[in-house]
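Q: I've got a multi-chain model open and I'd like to learn how to read it. Can you walk me through it, one feature at a time?

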Protein chains: 4
Amino acid sequence: MGHHPTGERDAVETAQNVETRHSAPPVLPKAGYSGYVASLLADAIAAQAQAYTPYSHYPVGAALLTRDGQIYTGCNIENAAYPLTICAERVAVFRAVADGQRDFVALAVVTVNGGSPCGSCRQVLREFNAGDLPVFIGTPAGQYRQTTLAELLPDSFGPENLPGTVHS
Amino acid sequence: MGHHPTGERDAVETAQNVETRHSAPPVLPKAGYSGYVASLLADAIAAQAQAYTPYSHYPVGAALLTRDGQIYTGCNIENAAYPLTICAERVAVFRAVADGQRDFVALAVVTVNGGSPCGSCRQVLREFNAGDLPVFIGTPAGQYRQTTLAELLPDSFGPENLPGTVHS
Amino acid sequence: MGHHPTGERDAVETAQNVETRHSAPPVLPKAGYSGYVASLLADAIAAQAQAYTPYSHYPVGAALLTRDGQIYTGCNIENAAYPLTICAERVAVFRAVADGQRDFVALAVVTVNGGSPCGSCRQVLREFNAGDLPVFIGTPAGQYRQTTLAELLPDSFGPENLPGTVHS
Amino acid sequence: MGHHPTGERDAVETAQNVETRHSAPPVLPKAGYSGYVASLLADAIAAQAQAYTPYSHYPVGAALLTRDGQIYTGCNIENAAYPLTICAERVAVFRAVADGQRDFVALAVVTVNGGSPCGSCRQVLREFNAGDLPVFIGTPAGQYRQTTLAELLPDSFGPENLPGTVHS
């Protein structure tokens with residue numbers, strides 16, 4: 001798509017090799033999660049099987065890791081009235097928040113062709129994360145690239161932009 | 001709200017008395033669910049506590065019962081970019097579908113003032129239900145009224161309106 | 001769709017005959033608009049030609065009449081990320097509001113098969129209309145049925161449900 | 001907001017001085033539009049006055065320039081059911097597309113505090129623009145910064161990601 005400012009984000013790796021390669025991960029922001037990328041991607045692939053996509057035939061799976069180690073998955077769920085469709089990434093976020101979780105440490109997304117999260121999903125993630133969230137975008141074959149929310153949604157609009165908001 | 005065509009839908013009951021009153025329920029479409037209304041409303045009230053509502057301060061809880069007896073709850077989750085907000089009812093539906101469920105038999109919704117589901121939530125429910133879904137709209141104090149999806153979204157747009165769609 | 005509570009809403013008329021038939025219209029809420037239904041439907045049909053529908057191939061046109069006699073049209077505009085799609089009815093409302101209009105007296109919607117407005121569009125209309133808005137749902141061939149917003153979105157959620165809101 | 005990869009995008013200028021300063025504009029991607037930035041920002045400021053924001057009290061105005069020199073403006077339009085809210089940028093895009101326009105050459109957005117377009121608006125713009133669209137984000141006082149759609153939505157999901165789509 002030609003918007004990658006750094007070659008690093010175009011890097012394609014094999015999920016199966018993640019544990020080895022990431023034994024000294026230069027880009028992972030948190031220590032202690034070695035091997036979690038392969039696990040998250042596998043969960044996203046499993047979630048993809050639940051997608052309800054009679055209109056696009058483009059199933060997506062997502063898996064969201066919380067600070068305390070829980071994983072919440074999601075799939076896209078379409079609607080004959082297209083605007084009511086929801087994406088896999090948002091389903092994962094909503095399931096987590098509905099379960100009392102608001103602190104996310106990594107997201108994996110899987111589509112047949114490695115498509116990125118849409119702008120709306122980036123915005124929903126932004127509500128709960130200032131931008132350092134690692135995002136792994138992959139395919140069922142196990143290839144993926146790594147980025148962050150801030151790279152996907154730079155110069156973002158967020159809660160701090162609404163004057164006078166009282167956060168609960 | 002003034003749009004109630006029948007007095008029946010304005011009926012306000014006390015959830016605590018539901019089991020007794022509904023021992024011979026004239027309006028419940030399914031046998032065998034005696035007492036489930038009180039239970040669903042209680043689950044919706046519990047879910048309301050997870051709502052993320054820093055902008056509206058209007059928390060909503062929902063609970064969705066599936067054919068096989070599972071209950072999926074949801075709360076509203078807001079966003080500084082208001083269009084990205086999601087309602088409690090949809091979170092409940094999305095959690096259910098992401099878990100492989102598409103056959104719903106009842107929905108309970110709870111708000112401080114008995115507000116109805118918005119049109120978008122009605123449309124999302126419509127994707128998976130032709131209209132006979134019982135909907136219970138209540139308050140944390142235990143009062144509720146009963147309606148159905150078809151009553152809330154008459155003359156609806158649905159999957160059958162999109163020509164050539166191949167459902168998976 | 002089987003949810004029509006009254007046979008009146010199933011009535012199918014020919015737009016070309018509207019002016020005559022409506023010389024003494026029993027269901028039109030406003031005097032002075034004789035012939036406006038045929039005109040609105042024609043505008044909706046014209047708007048349908050602007051639809052951007054590479055994904056659904058289901059073009060929709062809408063035309064919204066304001067109190068002061070202006071007509072605002074809309075078409076559906078889709079997006080590869082399906083949730084970003086917008087419906088024709090909402091485009092018509094948004095164009096009107098962006099032009100300073102908030103008082104609507106009739107809506108016409110045209111699709112190939114007479115599909116109804118989705119729940120989201122009903123909700124957007126509800127923000128600016130308590131429910132008496134006449135809605136004409138037709139086809140390019142000139143057939144249509146007549147209903148109202150209150151019939152399409154009974155027991156609605158609206159501005160009055162949000163406590164403490166200060167309307168500008 | 002801290003996500004600006006280049007200091008260039010933090011540049012704040014005064015709209016009143018734009019014509020002079022941009023007589024030899026180093027960052028404007030199109031020749032021949034000298035002075036159009038001030039004009040677009042002024043149109044966005046005017047559109048902001050039409051905003052319907054009883055819930056957020058955060059009015060936004062937008063102005064979209066098409067290839068053939070037309071300007072389409074938009075404002076945000078809120079809804080008691082928050083997810084039905086629409087942003088100013090999208091209203092501008094929808095008005096343009098409904099008028100037969102799909103080729104956009106610049107966007108101006110104005111908010112009280114220079115807030116950026118949300119992720120959803122970036123996605124809607126992406127449907128019609130590969131990424132080189134100049135975006136001017138300003139305030140009513142006339143300050144603005146300049147970026148592009150590709151900078152705001154890098155590694156985007158777009159029409160080319162949906163296999164088998166036939167574009168009309």
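A: Sure, and let's begin with a convention for helix pairs: an angle over 145 degrees between two axes counts as roughly antiparallel. Keep in mind that this is a predicted model.

Q: Which way do H4(B) and H4(C) run relative to each other, parallel or antiparallel?

A: The general idea is that two packed helices are described by the angle between their axes and the distance between the axes. Here, helix H4 of chain B (residues 119-128) and helix H4 of chain C (residues 119-126) have axes that cross at roughly 170° and come within 7 Å. H4(B) and H4(C) are therefore roughly antiparallel to each other.

Q: Which residues make the contact between H4(B) and H4(C)?

A: On the H4(B) side you'll find B:Gly119, B:Ser120, B:Arg122 and B:Gln123, and on the H4(C) side C:Gly119, C:Ser120, C:Arg122 and C:Gln123. By class, the contact of H4(B) with H4(C) has six polar residues, two charged and no nonpolar.

Q: Now the chains themselves. What rotation superposes chain A on chain B?

A: In general, two copies of a chain are related by a rotation about an axis and a shift along it. For chain A onto chain B, the rotation is 180° with 0.0 Å of shift along the axis, and the RMSD is 0.0 Å. The two copies are thus related as by a two-fold rotation axis. If you want a landmark in chain A, take A:Arg95: its C-alpha is the nearest to the axis, at 3.1 Å.

Q: How many residues does each of chain A and chain B put into their contact?

A: Chain A gives 34 residues and chain B gives 34 residues. On the chain A side, strand E3 (71-75), helix H3 (88-98) and helix H4 (119-128) each supply at least two residues. H3(A) has the largest share, five residues. Sorted by class, the chain A side holds 19 nonpolar, 13 polar and two charged residues.

Q: Why do the copies meet through the same surface?

A: Check the overlap of the two residue sets: 100% of the interface residues of chain A are also interface residues in chain B, so the copies meet through the same surface.

Q: What about chain D and chain A: how many residues are in contact there?

A: There, 29 residues of chain D are in contact with 29 residues of chain A. On the chain D side, the elements giving two or more residues are helix H4 (119-128) and helix H5 (149-152), and H4(D) gives the most, with four residues. The chain D side divides into 12 nonpolar, 13 polar and four charged residues.

Q: Let me zoom in on one residue there. Is D:Gly119 buried or exposed?

A: You count neighbours, and 20 or more other C-beta atoms within 10 Å makes a residue buried. D:Gly119 sits in helix H4 of chain D. With 28 C-beta neighbours inside 10 Å, D:Gly119 counts as buried. Across in chain A, D:Gly119 touches A:Gly119, A:Ser120, A:Arg122, A:Gln123 and A:Leu153.

Q: Back to a single chain. How many helices and strands are there in chain A?

A: Chain A has five helices and six strands, and from the N terminus on the order is β-α-α-β-β-α-β-α-β-β-α. Of its 168 residues, 55% count as buried. Among contacts in chain A with a separation of 6 or more, 57% come from residues 24 or more positions apart.

Q: I'd also like to check the backbone. Which phi value does B:His57 have?

A: B:His57 is not a glycine, yet its phi is positive, about 55°. You'll find B:His57 in the loop between helix H2 (36-48) and strand E2 (61-66) of chain B. B:His57 is partly exposed, with 14 other C-beta atoms within 10 Å. B:Asp155 is another residue with positive phi, near 50°, placed in the segment after helix H5 (149-152) of chain B. B:Asp155 is buried, with 21 other C-beta atoms within 10 Å.

Q: Last one: what is the mean pLDDT of chain A?

A: The rule of thumb is that where pLDDT is low, the predicted coordinates should not be read in detail. Chain A has a mean pLDDT of 83, and 77% of its residues reach 70 or more. Over residues 1-33 of chain A, though, the pLDDT is below 50, and this stretch has 51 contacts in the model beyond near neighbours in sequence. The model as a whole scores ipTM 0.81 and pTM 0.83.

Key. Residues are numbered from 1 along each chain as its sequence is written. Chains are lettered from A and ligands numbered from 1 in the order in which they are written. This is a predicted model: local features need pLDDT of at least 70, side-chain atom pairs count only at pLDDT 80 or more; totals for chains, interfaces and linings use all residues. Axes are lines fitted to C-alpha atoms, for helices over the stretch in contact, and angles run from 0 to 180 degrees between N-to-C directions. Angles under 35 degrees count as roughly parallel, over 145 as roughly antiparallel, 65 to 115 as roughly perpendicular and the rest as oblique. Two residues are in contact if their C-beta atoms, placed from the backbone, lie within 7 Å. Ala, Val, Leu, Ile, Met, Phe, Trp, Tyr, Cys and Pro count as nonpolar, Asp, Glu, Lys and Arg as charged, and the others, Gly among them, as polar. Copies are superposed by least squares on the C-alpha atoms of residues with pLDDT of at least 70 in both. A residue is buried if 20 or more other C-beta atoms lie within 10 Å of its own, exposed if 12 or fewer, and partly exposed in between; C-beta atoms are placed from the backbone. pLDDT is the predictor's confidence in each residue, from 0 to 100. Lists of a residue's contacts leave out its neighbours within four places in sequence.
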